[in-house]
Amino acid sequence: FAERYPSAADACFYAASKWSSRALLAAAGFRVTVRGGARDATATLVVANHVAVYDPWALMAACGPLAFVARAGLFDVAIV
C-alpha cells in the first residue's frame, strides 16, 4: 500500500477519483465493466481511442486518476 500511495491523501484522491467517475457515468446511464486485472506496476501507459466525450471519465472509473496528454491545438479553442 505504501509503495503505491505515498500518503493517505493520495489514497483518498485515488478512491474519490474512481468513485466520482463511476457516479457521473451512472448518472448518465453508463455502466463501467473492467475485464482483466491491473498489473502491479509503478507506471502504466494507457492508450485509448477517444470516441466520445465520456471516455476520460470511463478511463478514470476503470484505472483511477490519470494524467492526460492532448495536442496543443485543443487549447487554442475559445470556450464561451
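Me: Why is F30 called partly exposed?
Reply: In this predicted model, F30 has a relative accessibility of 42%, and because buried means under 20% relative accessible area, exposed over 50% and partly exposed in between (1.4 Å probe, protein chains only), F30 counts as partly exposed. Residues are numbered from 1 along each chain as its sequence is written, and side-chain values use heavy atoms, with hydrogens and water left out. Local features need pLDDT of at least 70 and side-chain atom pairs count only at pLDDT 80 or more, whereas totals for chains, interfaces and linings use all residues.

Me: What makes Y54 partly exposed?
Reply: The relative accessible area of Y54 is 33%, which lies in between the two limits, so Y54 is partly exposed.

Me: The structure holds one aromatic pair; why is the pair of F30 and Y54 called tilted?
Reply: Rings of Phe, Tyr and Trp (its six-membered ring) pair if their centres lie within 6.5 Å, and planes under 30 degrees apart count as stacked, over 60 as edge-to-face and the rest as tilted. The ring centres of F30 and Y54 are 4.7 Å apart and their planes stand at 50°, so the pair is tilted.

Me: How do you know that this pair ties together parts that are apart in sequence?
Reply: Both F30 and Y54 lie in the loop between α1 (8–27) and α2 (55–63), so the pair ties together parts that are 24 residues apart in sequence. Helices here are DSSP runs (H or I, at least four residues), numbered from the N terminus.

Methods
Helices (H or I, at least four residues) and strands (E, at least two) are DSSP runs, numbered from the N terminus.
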